[in-house]
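Welcome! Please take a moment to look over the sequence and the structure shown here, and then read on for a short guided tour.

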Amino acid sequence: MNFRHAKTFLLGALAASFLAALVASRINPYWLYIFYDIGISIVMAVSLNLINGYTGQFSLGHAGFMAVGAYTSAVITNQFGELNFFAANGIFAVALYAGGLAAALAGLLVGIPTLRLRGDYLAIVTLGFGEIIRVILQNMDKVGAARGLSVNHGWTNLFWTFGLAAVTIYVVASLVNSTYGRGFIAVHDDEVAAEAMGINTTKYKVTAFVIGAFFAGIAGGLYAHSKQFLTPGGFGFMQSITFVVMVILGGMGNTVGVILAAILLTLLPEGLRMLSGIEHLPGFTAERPLGWIGDTRMIIYSLLLIVLMLTRPQGLFSFRRKRN
Amino acid sequence: MKIWPGQFLAAAAGAVLLAGCNQSASPGAGGDTIKIGEFASLTGSEATFGQSSHRGTQLAIDELNAGGGVLGKKIQLLTEDNQSQAGQSATVVRKLISSDGVAAILGEVASSRSLEAAPICQQNKVPMISPSSTNPKVTETGDYIFRVCFIDPFQGTVMANFARQTLKLQNVAVLKDVKSDYSLGLAKFFKEGVAAGGGRLAAEQNYSGGDKDFNAQLTAIKAANPDGIFVPGYYTEVGLIALQAKQLGITVPIFGGDGWESSSLVTIGGAALEGDYFSTHFSPEDTAPAVQNFVKSYQAKFNETPDAMAALGYDSAMMLADAMKKAGATDGAKVRDALAAEKNFPGVTGTITMDAHRDASKPAVILEIKNGAFKYVETVAP
């Protein structure tokens, strides 16, 4: 993203999400909540892209940070009863921020000892970390343990999801385009050379990790107040993989591509669900002629991923040449 | 080629918003059919239960339609899969209610997924009947949420009484799945029941659903020398636990709850499970004519013997249809009132009466594993 357009984009997107929130009551709730999922996926994928794409560190524990943010914000907002519009949004903002900070702290805690590792080793450590968070939550009676935690308030709306998605995009894009941020790309391109040029690679890696975790925590808060029910099982390894797939499919270090991939991968399963539900099609006599898609939906989804990776290994939406 | 995110997002948001606005909900009772939604774990880790439950429900709907439907209309069952994943049930139930406009919701087997859907049904005033979620919290969500199965406390208490009175056990051990809410609930009420009956808890060990090796826990239990082990888990782990217990030389009976109920249990555990017991909702060996008719038509349609999940799925759909007939309408509030007033409903899983908490009050069945098959032992009334 061109840096000069970034501020215009941020203001435009904030205004657009505010306007969208005003007409939200006219949108079918099923679609409305899918938009929330899309916004949350964008925040997750773009923040993970800072770690996996721009900085070149392979993290498999992003859902773990999301869980920290989700539970933290839910515990905070559950302290309050019914509130008026302004109080509710104020508390929600504070809770989201607190969730982000808690996740960032978790990112710092894992980052400092582990980011001296490289490549595969780091991937395994982050994988282990994600699982640790899940298991801790599973055994914490205060947040319902395996029974799950009911979130009393459904405060997530279009303004918060897409507004925060815009902020995430703005922060990540501005960061990697700043003088300071070139360090991330240097770490990605050649860690040894970067170190030789006097870049503190560990510090850069920890920074990327903490910022990425912060936004994952915020996404967790949005998730908690949209689904209104949290179980530790919802933040497992497979969830982390989903976000990694979004980053790889969009093209590592390509923000626009990653946003598109996040939208596509969230809509795809629902789109296939819709196809299977069509009751009549011209040219077919049977009822629900595409009903078979319903049963094979996840196979189609996986096959599409395989085909996309085989045909566009550089990322589905890499329009520019990769920075190398 | 360059695309600015701003332009792209604006275009995408506009297009998607339009798509959303155009979707209009059709009323559940519109036209000549009544739409009923079902959400189930047809794929994923608990697919065995989800598939059974779905088949039972489907059979009930087919029988109702063959008999002329409900209120003179055919019933259309819309089934959505949640892949046994957290977060999916909320999405599919919102779809069923707001896009398909169903009159009522049936589902789910797992309590955690029912808990995700229940607040949405309550908000939209759409009655929901869970066939086999045993967690008390499910129906506490609100007055539109019902269930046709008994709840965890009852099963834990039944097994405690069975262990104390029928098996005459003094000293029991508990091995529970800390990952599963269901397992924790059963274990809690079992322990209370044993203590109330004057028994002693010899040992208590934990495992995590998905574990393959239970030797550490079983060795600790063996050291405590109990005369019975309560394992309120799901069949995959229970089969392995039974196998490994026999290998360690543990010969005392193992018993548990309805999470054992699956034909896969004996496939995994084999001969190690001989003489073990579990409580459940239903036995196909029951000689009551309603049960035998159900077993016969289920076998004819799916070529297998129905399990408890299938029977409960069947009862949930039948009770919903009964309530709609009594209410004389498919309107949410009227069906809700009719469901709350259900008394002595003749289900295949026993006579069901809705109590004040919208939980079913009904008998439980104890089965023994003999020669690789489930044999009926006794029925315990509430």
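The report below visits a few parts of chain A and chain B in turn. Keep in mind from the start that this is a predicted model.

## The seven-stranded sheet of chain B

A good place to begin is an open sheet of 7 strands in chain B, ordered S7-S6-S8-S9-S10-S14-S15, in which the pairing is mixed. Its edge strands are S7(B) and S15(B), the latter covering residues 373–380, and each of them pairs on one side only. On average, neighbouring strands of this sheet are turned by 25° against each other, direction ignored.

Let us look at strand S6(B), residues 171–177. Because 6 of its 7 residues are buried, S6(B) is largely enclosed by the rest of the structure. S6(B) runs parallel to strand S7(B), residues 200–207, and 7 bridges join the two. Within that pairing, Leu175(B) has Gln205(B) of S7(B) as its bridge partner. S6(B) also runs parallel to strand S8(B), residues 228–230, this time with 3 bridges. Here Val172(B) stands opposite Gly228(B) in S8(B).

## A helix across the strands

Which strands does helix H9(B) lie across? This helix, residues 235–247, lies across S6(B), S7(B) and strand S9(B), the last of which spans 254–256. Relative to S9(B), H9(B) runs at about 165°.

## Strand S14 and its two partners

Further along the sheet order comes strand S14(B), residues 364–370. With 5 of its 7 residues buried, S14(B) is largely enclosed by the rest of the structure. S14(B) pairs in the antiparallel sense with strand S10(B), residues 277–280, over 4 bridges. One pair to find there is Ser279(B) with its bridge partner Ile366(B) in S14(B).

S14(B) also pairs with S15(B), again in the antiparallel sense, over 7 bridges. In this pairing, Ala364(B) has Val380(B) of S15(B) as its bridge partner. S14(B) and S15(B) form a hairpin with 2 residues between the strands, and Asn371(B) in this hairpin takes a positive phi near 50°.

## A three-stranded sheet in chain B

Chain B holds another open sheet, with 3 strands in the order S11-S12-S13 and antiparallel pairing. Strand S11(B), 345–347, and strand S13(B), 360–361, stand at the edges with a single partner strand each, so one side of each is left without a neighbour in the sheet.

Strand S12(B), residues 350–354, runs antiparallel to S13(B), and 2 bridges join them. To locate this pairing, look for Met354(B), which stands opposite Ala360(B) in S13(B).

## A bent helix in chain B

Helix H4(B) covers residues 111–124, has 14 residues, and reaches 20 Å from its first C-alpha to its last, close to the 20 Å expected at 1.5 Å a residue. H4(B) nevertheless bends by about 30° at Ala117(B), and the proline Pro119(B) follows within four residues.

Is H4(B) mostly covered or mostly uncovered? H4(B) is mostly covered, with 11 of its 14 residues buried. Among them are Ser111(B), Arg113(B), Glu116(B), Ile120(B) and Cys121(B). After the helix comes Lys125(B), whose phi is positive, near 55°.

## Helices of chain A

Two packed helices are described by the angle between their axes and the distance between the axes. For helix H3(A), residues 62–77, and helix H4(A), residues 85–114, the angle is about 145° and the axes are 8 Å apart. H3(A) passes H4(A) in a right-handed crossing. Residues making the contact include Phe65(A), Val68(A) and Ile76(A) of H3(A), along with Phe92(A), Leu96(A) and Ala103(A) of H4(A).

Another helix to view is H6(A), residues 158–177. Its 20 residues should span 28 Å at 1.5 Å a residue, and its end C-alpha atoms are 28 Å apart, which agrees. H6(A) is mostly covered, as 14 of its 20 residues are buried.

## A proline in a loop of chain A

The last stop is Pro232(A), found in the loop between strand S2(A), 229–230, and helix H10(A), 237–250. Why does Pro232(A) count as buried? Pro232(A) has 26 C-beta neighbours inside 10 Å, and a residue is buried if 20 or more lie within that distance.

Pro232(A) also links parts of the chain that are 94 residues apart in sequence: its C-alpha is 5.8 Å from that of Gln138(A). Leaving out residues up to four places away in sequence, Pro232(A) touches Arg134(A), Leu137(A), Gln138(A) and Ala146(A).

Conventions:
Residues numbered from 1 in each chain as written. Chains lettered and ligands numbered in written order. Predicted model: local features only at pLDDT ≥ 70, side-chain atom pairs only at ≥ 80, totals over all residues. Expected span 1.5 Å × (residues − 1). Bend = angle between axes of the 7 residues up to and from the residue. Buried ≥ 20, exposed ≤ 12 C-beta atoms within 10 Å, placed from the backbone. Pairing = 2+ DSSP bridges. Axes fitted to C-alpha atoms, helices over the stretch in contact; angles between N-to-C directions. Left-handed = near helix turned anticlockwise from the far one by under 90°. Contact = placed C-beta atoms within 7 Å.
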